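Got your viewer open? Load the model, switch on side chains, and follow along stop by stop.

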Amino acid sequence: MRPILLQGHTRSLTQIKYNREGDLLFTVSKDKVVNVWYSHNGERLGTYSGHLGSVWTVDVNASSTLIATGAADNTCKLWDVQTGRCLKTWEFQTAVKRVEFSEDNSMVLCVTEERMGYKGTVTVYPVNNDINGTQSDTPVVTMTNDGPKAVVAGWTCLDKYIITGHLDGTIAQWDWKANTKIHSTPAHEDVLTDLQFSPDRTYLITASKDKSAKILDALTLEIKKEFSADTPLNSAALTPKFQEFVILGGGQDAMNVTTTSARAGKFESRFYHKILQEEVGRVRGHFGPINTIAVHPDGKSFSSGGEDGYVRVHHFDPDYFTFKLEI
């Protein structure tokens, strides 16, 4: 499995995202650049420039016409995918750490940072999918948590609820129409680093610095599965088909990296069996912690973005598809 190395960033990756068909891969990093690549051969299509700070997050709508990005310059920007034109800039009081389009692509949620006396919020804006239309300045709802700030968030199936993951490891479920928190569960002991949904959005996987990843039911927040690693995790992803796997990525903090070798730093992508919760393999390659992992929607490849500034696109070998775990 020879990876394709995407060298389009000068600083560490923060998030990578495939579009719905999986032919495009969007990558964002701390160097203010948003890149889009062809996922099958690693050719760079173009960049989206305009942010003035580290770009923390990116998402693309279902028709691959619009992308949203959130950055440390306290803005969330909406871009035309095809031309790279910035269609709208929503300004906030603090940095935007996570954006995600709703399932029907009519809204986008923005998770903002808690800084300088401003509370962290989850703000939902309406999105006009006509790229030549005007975008609204008025949010649909602004949700403020009274406890520790939200760091990640996402929409459940049919956009019924918004699930938020918090600094203290709790997961909360919000009825965003009524702006109320329905319930929350202490899923992890340390900060949540990632939250990704299954293809049908009925369950989700979380990753945390407490060295574990968990699968939760999106409607009841019941913990279904638990995966333990030997290193703090930054990202967790689910494989959509062929194999029932989860892929976890992490490594010890960037500031300690110089004191350990790549082998001891544990900078591998780890594959676990989703049902049996056992580790089945690892993929090495990064020279620093893995910050973000995304799986191609067809389940035939996956990508990881690291602290080393590289994105590695791995297309699975034929024996991956026939692999069976011996019980």
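**Stop one: a pocket**

Start by selecting M1, F245, F271, V280, G281, R282, V283, F316, D317, D319, Y320 and F323, which line the second largest pocket. A pocket here is found on a 1 Å grid over the protein atoms alone: a cavity is a set of points where a 1.4 Å probe fits but cannot get out, while a pocket is an open set with protein on both sides within 12 Å along at least five of seven lines, and lining residues have an atom within 4 Å of a point. Before going on, know that this is a predicted model, in which local features need pLDDT of at least 70 and side-chain atom pairs count only at pLDDT 80 or more, while totals for chains, interfaces and linings use all residues. Residues are numbered from 1 along each chain as its sequence is written, and side-chain values use heavy atoms, with hydrogens and water left out.

The volume of this second largest pocket is about 260 Å³, taken as the space filled by probe spheres set on the grid points, which are joined across faces, edges and corners. Now colour β25 (279-283) and α1 (318-322): each gives the lining at least two residues. β25 has the largest share, with 4 residues. (Helices, H or I with at least four residues, and strands, E with at least two, are DSSP runs numbered from the N terminus.)

Colour the lining by type and you get 8 nonpolar, 1 polar and 3 charged residues. Ala, Val, Leu, Ile, Met, Phe, Trp, Tyr, Cys and Pro count as nonpolar, Asp, Glu, Lys and Arg as charged, and the others, Gly among them, as polar.

**Stop two: salt bridges**

Side chains of opposite charge can pair when their charged atoms come close. There are 15 salt bridges in the structure, each being a side-chain nitrogen of Lys or Arg within 4 Å of a carboxyl oxygen of Asp or Glu.

Select D230 and R270, whose closest N and O atoms are 2.9 Å apart in a salt bridge. This pair links distant parts of the chain, 40 residues apart: D230 is in the loop between β21 (223-228) and β22 (233-238), and R270 is in strand β24 (residues 269-273). D230 is partly exposed at 36% relative accessible area, whereas R270 is buried at 0%. (Buried means under 20% relative accessible area, exposed over 50%, partly exposed in between, with a 1.4 Å probe and protein chains only.) Add E268, E279 and R282 to the selection, and you have a network of salt bridges that includes D230 and R270. You have already met R282 in the pocket lining.

Next, select K88 and D137, a salt bridge with 2.5 Å between the closest N and O atoms. Here too, distant parts of the chain are linked: K88 belongs to strand β9 (residues 86-91) and D137 to the loop between β12 (121-126) and β13 (141-144), 49 residues apart. Which of the two is buried, and which exposed? K88 counts as buried, at 15% relative accessibility, and D137 as exposed, at 52%.

**Stop three: a hairpin**

Finally, show strands β18 (residues 192-197) and β19 (residues 203-208), which run antiparallel and are joined by 5 bridges; strands pair if DSSP finds at least two bridges between them. L192 has S208 of β19 as its bridge partner. Between the strands of this hairpin are 5 residues, and R201 takes a positive phi near 65°.

Keep R201 selected and add E100: their side chains make a polar contact at 3.1 Å. That term means a pair of N or O atoms within 3.5 Å; within protein, one must be able to donate a hydrogen and the other to accept it, and residues adjacent in sequence count only if both atoms are side-chain atoms. E100 lies in strand β10 (residues 96-101) and is buried, at 6% relative accessibility.
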